[in-house]
Amino acid sequence: MQTSSIHGMWSSRLAFILAATGSAVGLGNIWRFPYITSENGGGAFVLIYLLCILAVGLPIMFSEIVIGRRGRMSPINSIRELSDDAKATRAWMGLGFLGVIAGFIILSFYSVVAGWTLHYGFAYLKELVGMGAPITDPGETFENLLASAGELTFWHGLFMLMTVGVVAFGVEKGLERAVTILMPLLFVLLLILLGYGMNTGSFQEAVGFLFRPDWSQVSGPMIVTAMGQAFFTLSLGMCAIMTYGAYLPSDVNIPKVGTTVAISDTVVALIAGLAIFPIVISFGIDPGSGGAGLIFTSLPLAFSEMPFGIAYGMAFFLLLSVAAWTSAISLMEPATAYLVEATDLSRKAAALCVAAFAWMLGLATVFSFNIWSEVSIGGKSIMDALDYVAADVMLPIGGLLTALFAGWVLSKKITREELDEKMPDWAFNAWLWLTRIVTPALILVVLASLLGIL
Ligand code: TRP
């Protein structure tokens with residue numbers, strides 16, 4: 001059994017939890033969750049999403065960490081080694097390649113949206129020091145930003161540079177600091193926003209929208225979206241958590257850390273929803289009106305009313321950029337680790353290649369809001385199409401393969417050793433049969449509805 005990785009190791013159990021939580025908590029919780037919940041009618045969508053976290057997300061979270069820690073290399077090479085050891089076909093490496101491609105696609109648009117949050121953070125900073133105009137009409141401000149390909153490209157580029165900086169210069173130091181100090185601070189700001197939301201008079205209505213299921217809203221595409229969100233928000237299905245698992249010390253209990261990460265991520269998403277929807281409703285916005293601009297067009301309305309709203313808005317958007325940053329790092333790490341293993345490139349050069357490529361791909365998202373806004377792929381804008389293919393289709397396929405690999409290819413002896421040798425039989429068997437049968441079957445059923453079979 002390999003006890004360390006050539007790419008470095010997390011210094012402790014806590015370091016892994018922070019890094020994996022840093023990966024999971026990001027724009028997926030605070031930007032994507034509210035806006036797709038809005039587009040999918042609220043309550044029923046949220047409940048199906050929570051169900052997917054439990055029945056699909058958790059077993060796959062354990063599986064990814066198990067495969068990563070056993071392999072101790074980039075996902076592609078870990079899977080190759082483990083397949084060889086098990087005398088299984090090397091075709092399983094396809095899972096690693098699929099992950100790298102999904103990672104590129106997600107990173108490309110993720111960085112553009114993270115660029116929006118940077119832009120807002122700096123806009124509030126400028127206003128605070130008296131150098132910028134206040135946001136009086138958030139809808140118009142947001143539209144103006146999207147219309148400017150130059151602005152979008154700049155912020156997208158800045159964010160990509162920040163990300164490559166950390167990946168190139170060593171994951172542990174920069175990352176651990178960002179997640180131990182800045183992420184808890186973002187959580188505090190979310191709680192303050194929650195307090196504000198509770199006082200708007202629309203809190204009850206928001207709770208109803210988020211948790212009272214209207215089952216007539218349920219449809220095949222809606223379930224696909226809910227499952228895609230479960231994968232996206234937990235960073236699963238593209239071997240990112242697997243990569244982090246490769247740097248996890250051998251004595252750490254995988255079920256415990258995996259569950260901690262999943263619970264923290266879910267709590268942050270729910271609090272974000274409970275904080276944002278009262279604001280949306282109280283300012284007269286239809287909670288079902290959706291759109292990727294939801295938080296950017298609604299939250300500034302509240303910030304313009306709150307005491308210290310400008311400083312608060314600045315802190316909120318800058319800290320959200322930090323949360324996005326710790327997530328983007330995990331999108332870049334699998335491809336970088338693979339390039340380091342497979343080529344002569346140094347870590348720095350490998351990370352730069354990955355970033356340059358993802359940045360270029362991101363230009364397609366940038367242009368989808370302005371010069372290419374007419375382009376439609378199956379009725380979706382370029383960004384929506386990229387998001388859909390990567391998050392709702394590729395991540396579940398990656399997750400399906402991950403579960404099958406951990407459940408059927410790895411021996412029970414190996415998985416038990418990695419998960420927790422002292423685990424009671426019933427708990428191990430529950431994980432095993434979920435991973436072997438239940439989780440893959442659920443994913444297949446949901447994906448089948450994509451093909452119009454159901
Ligand atoms: N989970 C992150 C978020 O919610 C995004 C992310 C990071 C991700 N790494 C990933 C999504 C890997 C899918 C796969 O913002």
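Helices, here runs of H or I in DSSP of at least four residues, are numbered from the N terminus. The structure is a predicted model, in which local features need pLDDT of at least 70 and side-chain atom pairs count only at pLDDT 80 or more, whereas totals for chains, interfaces and linings use all residues. Residues are numbered from 1 along each chain as its sequence is written, and side-chain values use heavy atoms, with hydrogens and water left out.

Helix α5, spanning residues 93–128, is a suitable starting point, and S111 has its place there. S111 is counted as buried because its relative accessibility is 0%, where buried means under 20% relative accessible area, exposed means over 50%, and partly exposed lies in between (1.4 Å probe, protein chains only). Leaving out residues up to four places away in sequence, S111 touches H156, F159 and M160, contact being defined as heavy atoms within 4.5 Å.

Helix α5 also matters for the nonpolar core, a term for a set of buried Ala, Val, Leu, Ile, Met, Phe, Trp, Tyr and Cys residues joined through side-chain atoms within 4.5 Å. The largest such core has 163 residues, of which I30, W31, M61, W116, L193, F303 and F316 touch the most other members. The largest share of this core, 17 residues, is contributed by α5. One of the core residues named, W31, is in contact with V113, W116, A292, I295, F296, M383 and D387, apart from neighbours within four places in sequence.

The packing of helices comes next. Two packed helices are described by the angle between their axes and the distance between the axes. Here the axes are lines fitted to C-alpha atoms, for helices over the stretch in contact, and angles run from 0 to 180 degrees between N-to-C directions. Helix α2 (residues 27–39) packs on helix α13 (residues 294–303) at about 100 degrees, and their axes are 9 Å apart. The two helices are therefore roughly perpendicular, a description that covers angles of 65 to 115 degrees. On the α2 side the residues are I30, W31, P34, Y35 and S38, which meet L294, I295 and F296 of α13. This contact has seven nonpolar residues, one polar and no charged; Ala, Val, Leu, Ile, Met, Phe, Trp, Tyr, Cys and Pro count as nonpolar, Asp, Glu, Lys and Arg as charged, and the others, Gly among them, as polar.

A second pair is formed by helix α3 (residues 43–71) and helix α12 (residues 254–282), which pack at an angle of about 145 degrees with axes 9 Å apart. Among the residues in contact are M61, F62 and R69 of α3 and P255, G258 and T266 of α12. By class, this contact comprises 15 nonpolar, three polar and one charged residues.

Several residues outside these helices complete the picture. V25, in the loop between α1 and α2, is buried because its relative accessibility is 5%. V25 touches M183, D265, V268, A323, T326 and S327, not counting residues up to four places away in sequence. S12 belongs to the segment before α1 (13–24), and its C-alpha lies 9.8 Å from that of D251, although the two residues are 239 apart in sequence.

Finally, two loop residues concern the backbone. Most residues other than glycine have a negative phi. K87, not a glycine, has a positive phi of about 60 degrees; K87 lies between α4 (75–85) and α5 and is exposed because its relative accessibility is 76%. S235 likewise has a positive phi of about 60 degrees, but S235 counts as buried, at 11% relative accessibility.

Terms used:
Angles under 35 degrees count as roughly parallel, over 145 as roughly antiparallel, 65 to 115 as roughly perpendicular and the rest as oblique.
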